[in-house]
Amino acid sequence: MSHREDMFDAVLDVINNIKKTGFTRDAVEPDFYLGGDLGVDSKEMLEIWYELEQRLNIRVQDAEKRDVYTLIEVITVLEKKLDVVAAA
Amino acid sequence: MDSRALIELERQPFKQRLAQQYSAYLKEVEQGFMSGREGFGPVDRRMKYKDLNSDTFHDTLVFGSNSYLGLSNDPYVKRKVTEAVEKYGIGSGGSPAFSGYTKQHKDLEKRLAKLADHEDAVLLPGGYMANLCWVNGLMNRNDIIVYDKNSHASVINAIKMTNVPFYTFDPEKLDEFEKLLQRIKQRAKGDIQIFSTVEGVRSIDGSIIELKRYIEICKAYDVVTILDDAHGLGTVGKTGRGTLEYLDLLGQVDLRMSTCSKAIGAQGAFVSGSKELIFLLRNFSYPYLFTSGLAQPTIAAISAALDIIESEPERIEKLHQNVRYMQDRLEEAGLRIIRGQSGIIPVFFDEDGVVRKINRALYKRGLFANIMEYPMVPPGLERLRLSVMATHTREEIDTAVSLIVETAQEFGALQGQANLESA
């Protein structure tokens with residue numbers, strides 16, 4: 001999975017599963033804040049990272065999960081990881 | 001424990017989770033790492049401590065107490081508390097909403113409010129409750145809070161409890177903070193109130209943010225500001241009034257929260273602000289309304305500590321002299337520190353995980369200090385957190401520094417040591 005839209009769908013799907021919400025792609029923007037716009041707190045975000053790591057078969061270090069505030073920042077971290085996997 | 005292990009632990013059935021957590025705890029205690037040590041006697045710069053699994057108390061030099069001014073065991077404070085017990089008894093007998101509010105509470109609240117040039121204040125049993133109090137009393141799901149990413153766990157819990165929408169910001173990046181406020185205002189439907197909180201003296205390293213600029217930005221966007229000054233009261237500012245006095249910003253934040261359990265040396269906490277804002281807290285905040293009022297000896301202890309801070313500001317200067325002296329000695333010895341303005345000195349070591357071993361060895365050698373590890377601080381920024389007291393002598397500071405240097409050397413953790421050895 002490398003297409004950005006697919007990645008968006010994956011992130012939203014995981015958020016929806018954990019938060020029991022119903023965010024759809026057309027209702028969110030890349031610059032949406034995890035907290036203020038999506039209601040995800042830092043603890044819930046760790047669960048979301050965990051699920052994304054499982055689903056995409058990647059490992060994101062805890063240090064890389066800090067200071068990530070928006071959806072696009074989450075996606076950027078994931079894309080970098082997937083690029084590394086693809087290049088290997 | 002990294003976040004993956006944490007999530008996996010949390011997903012286990014309760015009994016399995018409990019068994020795993022308890023066995024990890026026992027292992028920590030057995031290895032002497034567990035910081036749940038037991039002290040004996042008054043809180044002071046020298047105390048007796050023992051491990052949980054030991055029967056023997058040992059003398060330690062304490063560089064891990066928040067009683068920065070040494071007021072927890074001050075003769076004047078103790079005398080005033082004894083007098084108050086004779087006069088007013090002990091418990092408050094109820095919550096402030098019912099019978100537990102007395103003239104003694106009111107007089108102390110007025111006095112605490114003046115420390116920030118505010119009109120009124122509410123007293124609470126602890127810092128955790130004080131943070132719950134202002135979030136819960138001021139906000140609801142129709143408002144927005146933008147909080148310092150270093151905020152105490154109680155602020156985050158209060159946000160969850162109150163259901164107020166939340167954004168996080170990095171106080172080191174105020175340009176981004178301003179952009180965030182702009183964005184919130186642009187996208188808000190209708191007239192929405194934004195609240196924002198920031199730490200005065202940062203609990204993890206004792207440094208102070210660019211508070212003046214933060215306040216200016218907040219004023220420009222009509223944001224209600226709340227300063228968490230738990231570590232600032234009694235440790236910074238010429239007369240110990242805290243971060244606002246230190247930066248010449250008295251009266252410039254809407255609310256100031258601080259505790260009475262650190263430099264004040266007692267217990268409890270307070271939130272001060274305008275009479276209108278404090279009216280809201282006093283009448284609508286559940287954590288204030290439905291908790292018993294502070295006991296009389298505690299009120300007397302806080303008042304007496306304020307007497308001392310007012311009449312002997314040289315104690316604060318002595319604390320600063322001690323901090324500077326210790327910072328200089330640590331740096332001369334090649335230790336990596338942050339030179340903050342308060343009573344906290346963080347000491348960093350290069351290798352991951354070594355700080356807990358160093359701290360255990362220090363404790364065995366008679367030095368009590370605290371450490372901060374992930375997730376309290378970012379990975380790789382684990383630290384020994386030294387808390388200096390105004391009452392420490394130069395000899396005690398020299399002893400502490402020697403012990404830290406000697407122990408760090410033993411673990412090959414002195415700055416540049418690893419490189420030297422591998423050269």
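Reader: What makes A:Arg55 and A:Asp13 a salt bridge?

Author: In this predicted model, the closest N and O atoms of A:Arg55 and A:Asp13 are 2.9 Å apart. The cut-off for a salt bridge is 4 Å between a side-chain nitrogen of Lys or Arg and a carboxyl oxygen of Asp or Glu, so the pair counts as one.

Reader: Where in chain A do A:Arg55 and A:Asp13 lie?

Author: A:Arg55 is in helix α2 (residues 42-56) and A:Asp13 is in helix α1 (residues 4-19). The pair links distant parts of the chain, 42 residues apart.

Reader: Why is A:Arg55 called partly exposed?

Author: Buried means under 20% relative accessible area and exposed means over 50%, with partly exposed in between. A:Arg55 has 40%, so it gets the middle label. A:Asp13, with 34%, is partly exposed by the same reasoning.

Reader: What about A:Asp62 and A:Lys65, are they buried or exposed?

Author: A:Asp62 is buried, and so is A:Lys65. They also form a salt bridge, with the closest N and O atoms 3.4 Å apart.

Reader: How do you know that B:Lys149 and B:Asp170 form a salt bridge?

Author: Check the distance again: their closest N and O atoms are 3.6 Å apart, and the limit is 4 Å. B:Lys149 sits in the loop between β5 (144-148) and α6 (153-162) of chain B, while B:Asp170 sits in the loop between β6 (166-169) and α7, so the pair ties together parts that are 21 residues apart in sequence.

Reader: Which labels do B:Lys149 and B:Asp170 get for accessibility?

Author: B:Lys149 has a relative accessible area of 29%, so it is partly exposed. B:Asp170 has 11%, which is under 20%, so it counts as buried.

Reader: How many salt bridges are there over all chains?

Author: The count comes to 50 by this rule. Across the interface of chain A and chain B, the rule finds 10. One that joins the two chains is B:Arg4 with A:Glu53, whose closest N and O atoms are 2.8 Å apart.

Reader: How much area is buried between chain A and chain B?

Author: About 2200 Å², and carbon and sulfur atoms give 48% of that. On the chain A side, A:Tyr50, A:Asp62 and A:Arg66 lose the most area to chain B, together 27% of what that side buries. As for contacts, 25 residues of chain A touch 23 residues of chain B.

Reader: Why is B:Arg183 called buried?

Author: B:Arg183 has 9% relative accessibility, and the cut-off for buried is under 20%, so the label fits. You'll find B:Arg183 in helix α7 (residues 174-187) of chain B. Leaving aside neighbours within four places in sequence, B:Arg183 is in contact with A:Asp31, A:Phe32, A:Tyr33, A:Asp37 and B:Tyr167.

Reader: And what makes B:Glu109 buried?

Author: B:Glu109 has 1% relative accessibility, and that is under 20%, so it counts as buried. B:Glu109 belongs to helix α4 of chain B. Not counting residues up to four places away in sequence, it touches several residues, including B:Asp120, B:Ala121, B:Arg282 and B:Tyr288.

Reader: How do you know that B:Leu281 is buried?

Author: Its relative accessibility is 0%, and anything under 20% is buried, so B:Leu281 qualifies. B:Leu281 is in helix α10 (residues 275-284) of chain B. Among the residues in contact with B:Leu281, beyond its neighbours within four places in sequence, are B:Val122, B:Cys133, B:Trp134 and B:Val271. B:Leu281 and B:Ala121 are 160 residues apart in sequence, yet 9.1 Å apart in space, C-alpha to C-alpha.

Reader: Which residues are buried in helix α14 of chain B?

Author: In α14 (residues 354-364), the buried ones are B:Val354, B:Val355, B:Ile358, B:Asn359, B:Ala361, B:Leu362 and B:Tyr363. The buried residues of this helix pack against several elements of chain B, among them β2 (46-50), β3 (58-62) and α15 (394-410). Just after the helix, B:Gly366 takes a positive phi of about 100°.

Reader: What lines the second largest pocket?

Author: It has 15 lining residues, and B:Ala84, B:Tyr88, B:Gln104, B:Ala300 and B:Ser303 lie nearest its centre. By class, the lining has 6 nonpolar, 3 polar and 6 charged residues. In chain B, α3 (75-88), α4 (103-114) and α12 (296-311) each supply at least two residues of that lining. The space in this pocket is about 300 Å³.

Methods:
Residues numbered from 1 in each chain as written. Chains lettered and ligands numbered in written order. Predicted model: local features only at pLDDT ≥ 70, side-chain atom pairs only at ≥ 80, totals over all residues. Heavy atoms only, no water. 1 Å grid on protein atoms, 1.4 Å probe; cavity = no way out; pocket = protein on both sides within 12 Å on 5 of 7 lines; lining within 4 Å. Points joined across faces, edges and corners; volume = space filled by probe spheres on them. Helix = DSSP H or I, 4+ residues; strand = E, 2+ residues; numbered from the N terminus. Nonpolar A, V, L, I, M, F, W, Y, C, P; charged D, E, K, R; others polar. Buried < 20%, exposed > 50% of the residue type's maximum accessible area, 1.4 Å probe, protein only. Contact = heavy atoms within 4.5 Å. Buried area = accessible area lost by both parts, 1.4 Å probe.
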